[in-house]
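Work through the following exercises with the sequence and the structure open beside you. Try each task on your own before you read its solution.

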Amino acid sequence: MTALKGCMAPASAAEDQLDQGYAWVTVAGSFLTHVQCLGTVYTFTLYLESYASDFRVSLGVAALPGSLSVGMMLACGPFVGALIDKLGARPVCLGLALCHGVGLLLISACETPLLLIAAHALSGVGMSMAPASIGIIQQWFSKRRALATGLGIAGSGVGQFVFAQIINALISAG
């Protein structure tokens with residue numbers, strides 16, 4: 001087994017150290033990352049009408065920020081993987097979390113469509129930590145790898161459900 005820097009299992013880890021202890025912490029971290037990152041981006045369509053009316057643009061233009069977020073998340077994947085190989089998972093994921101958080105804060109303050117698009121792009125770069133978190137799980141599991149991966153990715157569905165309820169309530173409240 002090869003190990004990467006950061007929160008990856010050490011290269012000297014014996015087989016009996018895998019699938020237990022800290023390995024499940026990586027699953028919880030991946031689950032929560034997927035809840036937050038993918039829960040917010042995949043419920044984007046709930047904002048379309050609000051964006052279109054607030055910025056006085058068509059629904060097609062209002063959909064651009066959400067599409068760009070997903071595109072940035074996926075396009076950054078190879079670069080994020082290379083950075084994790086070089087610097088380790090912890091500093092890279094911390095930087096991506098900050099990028100995502102700043103992007104979300106900027107989204108809440110945007111007053112023009114162009115700024116909204118830029119803020120969503122920044123947030124999308126930060127969301128590239130979600131797919132990367134699955135690679136972290138892979139290093140910590142051998143026997144229960146499929147279960148651990150499934151639990152980590154399940155956060156996406158949970159996030160979509162939870163954020164859809166919250167967003168609908170906030171939009172309804174005015």
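The exercises below concern a predicted model, and each task is followed by a solution in steps.

**Exercise 1. The overall build**

Task: Find how many helices and strands the protein chain has, and describe the box that its C-alpha atoms fill.

Solution: Begin with the count, which gives 8 helices and 0 strands in the protein chain. Read from the N terminus, the elements therefore run α-α-α-α-α-α-α-α, since helices and strands are numbered from that end. Next, turn to the extent of the chain: along the principal axes, its C-alpha atoms fill a box of roughly 60 × 30 × 20 Å. Finally, look at how the chain meets itself, where 76% of the contacts between residues at least 6 apart in sequence join residues at least 24 apart.

**Exercise 2. Surface and charge**

Task: State what share of the residues counts as buried, and how the accessible surface and the charged side chains are made up.

Solution: The protein chain has 174 residues, and 41% of them count as buried. The accessible surface comes to about 9100 Å², and 69% of this area belongs to carbon and sulfur atoms. As for charge, there are 7 positive and 7 negative side chains, and the centres of these two sets lie 9 Å apart.

**Exercise 3. Empty space**

Task: Which helices each supply at least two residues to the lining of the largest cavity, and which do so for the largest pocket?

Solution: Rolling a probe the size of a water molecule over the atoms shows where empty space is left. Start with the cavity: the structure holds 1 cavity of 30 Å³ or more, and about 50 Å³ of space lies in the largest cavity. Its lining includes Tyr51, Phe55, Pro65 and Ile117, and helix H2 (48–55), helix H3 (59–75) and helix H6 (113–126) each supply at least two of the lining residues. Then take the largest pocket, whose volume is about 550 Å³. This pocket is lined by 26 residues, of which Tyr47, Tyr51, Leu104, Ile107 and His120 lie nearest its centre. Helix H1 (22–41), H2, H3, helix H5 (89–109), H6 and helix H8 (145–173) each supply at least two residues of the pocket lining.

**Exercise 4. Two helix residues**

Task: Decide whether Gly60 is buried or exposed, and do the same for Ser156.

Solution: Gly60 lies in helix H3, and its relative accessible area is 55%. Because a residue counts as exposed over 50%, Gly60 is exposed. In space, Gly60 is 8.9 Å from Leu48, C-alpha to C-alpha, and the two are 12 residues apart in sequence. Ser156 is found in helix H8, and its relative accessible area is 11%. Since buried means under 20%, Ser156 is buried. Leaving aside residues up to four places away in sequence, Ser156 touches His34, Val35, Leu38 and Tyr42.

**Exercise 5. Positive phi**

Task: What are the phi values of Asp19 and Arg56, and is each residue buried or exposed?

Solution: Recall that most residues other than glycine have a negative phi. Asp19, which lies in the segment before H1, has a positive phi of about 65° although it is not a glycine. With a relative accessibility of 6%, Asp19 counts as buried. Arg56 lies in the loop between H2 and H3, and its phi is likewise positive, near 55°. At 75% relative accessibility, Arg56 counts as exposed.

Notes: Residues are numbered from 1 along each chain as its sequence is written. This is a predicted model: local features need pLDDT of at least 70, side-chain atom pairs count only at pLDDT 80 or more; totals for chains, interfaces and linings use all residues. Side-chain values use heavy atoms; hydrogens and water are left out. Helices (H or I, at least four residues) and strands (E, at least two) are DSSP runs, numbered from the N terminus. Buried means under 20% relative accessible area, exposed over 50%, partly exposed in between (1.4 Å probe, protein chains only). Contact means heavy atoms within 4.5 Å. Accessible areas come from the Shrake-Rupley method with a 1.4 Å probe; for residues, only the protein chains shown count as cover. Lys and Arg count as positive and Asp and Glu as negative; His and the chain ends are not counted. The place of a charge is taken as NZ of Lys, CZ of Arg, CG of Asp or CD of Glu. On a 1 Å grid over the protein atoms alone, a cavity is a set of points where a 1.4 Å probe fits but cannot get out, and a pocket is an open set with protein on both sides within 12 Å along at least five of seven lines; lining residues have an atom within 4 Å of a point. Grid points are joined across faces, edges and corners, and a volume is the space filled by probe spheres set on the points.
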